[in-house]
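Let's take a short tour of a protein model and see what its parts are doing next to each other. Have the 3D view ready so you can follow along.

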Amino acid sequence: MAVTLHVCITCRAGQTIPEGESTPGARLRDAIIEAGVPDGVNLVPVECLSACSQGCSVALSAPGRWSYVYGRLSQANARDVVAGAAAYAAASDGIVPWRSRPEIFRKQSLARIPPIMTLPEAAE
């Protein structure tokens, strides 16, 4: 089952961005690509994760797993984001042991969302 790493590419991290320059969120995405997206992880740029007051943000999700949103990130955190995404991909339920998480994933979590449970279809 593929893991999705969403990266908010429109994040301005509270900065005024001159015309033609890339946003901090886009630079984070580019740095993650340069660091190497782990096998089994799909990098998906998104227009907004609604964590605007928390700087650059990313979200990790997969069917049947807990989902996480992390904030206060920059392109300098790309290698840690990649390491955290790889650990998440290796965890069948999405819960990576506390000490196995990169520090930014221990201290900069904005939300943890339970897995969506599918209900059996009603018999007709």
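## A hole inside

Which element supplies the largest share of the lining of the largest cavity? Keep in mind as you look that this is a predicted model. The answer is helix α2, with three residues of the lining. Strand β4 (67-73) also joins in, since β4 and α2 each supply at least two residues.

Here's the background: rolling a probe the size of a water molecule over the atoms shows where empty space is left. A search of the whole structure turns up one cavity of 30 Å³ or more, and the volume of the largest cavity is about 50 Å³. If you want to find the spot, click on Y68, Y70, G84, A87, Y88, G94, V96, R101, P102 and F105, which line the largest cavity. Sorted by class, that lining has seven nonpolar, two polar and one charged residues.

## Two rings that meet

Two names from that lining, Y68 and Y88, deserve another look. The model has a count of three aromatic pairs, and Y68 with Y88 is one of them: an edge-to-face pair, 6.3 Å centre to centre, with 90 degrees between the planes. Y68 sits in strand β4 and Y88 in helix α2, so this pair ties together parts that are 20 residues apart in sequence.

## Two helices that cross

Now turn to the helices. Two packed helices are described by the angle between their axes and the distance between the axes. For helix α1 (residues 24-35) and helix α2 (residues 78-90), the angle is about 65 degrees and the axes are 8 Å apart. Their crossing is right-handed.

Who makes the contact? On the α1 side you'll find L28, A31, I32 and A35, and on the α2 side A78, R79, V81 and V82. By class, this contact of α1 with α2 has seven nonpolar residues, no polar ones and one charged. So α2 shows up twice on our tour: α2 packs with α1, and α2 also helps line the largest cavity.

Key. Residues numbered from 1 in each chain as written. Predicted model: local features only at pLDDT ≥ 70, side-chain atom pairs only at ≥ 80, totals over all residues. Heavy atoms only, no water. Axes fitted to C-alpha atoms, helices over the stretch in contact; angles between N-to-C directions. Helix = DSSP H or I, 4+ residues; strand = E, 2+ residues; numbered from the N terminus. Left-handed = near helix turned anticlockwise from the far one by under 90°. Contact = heavy atoms within 4.5 Å. Nonpolar A, V, L, I, M, F, W, Y, C, P; charged D, E, K, R; others polar. 1 Å grid on protein atoms, 1.4 Å probe; cavity = no way out; pocket = protein on both sides within 12 Å on 5 of 7 lines; lining within 4 Å. Points joined across faces, edges and corners; volume = space filled by probe spheres on them. Phe/Tyr/Trp six-rings, centres within 6.5 Å; stacked < 30°, edge-to-face > 60°.
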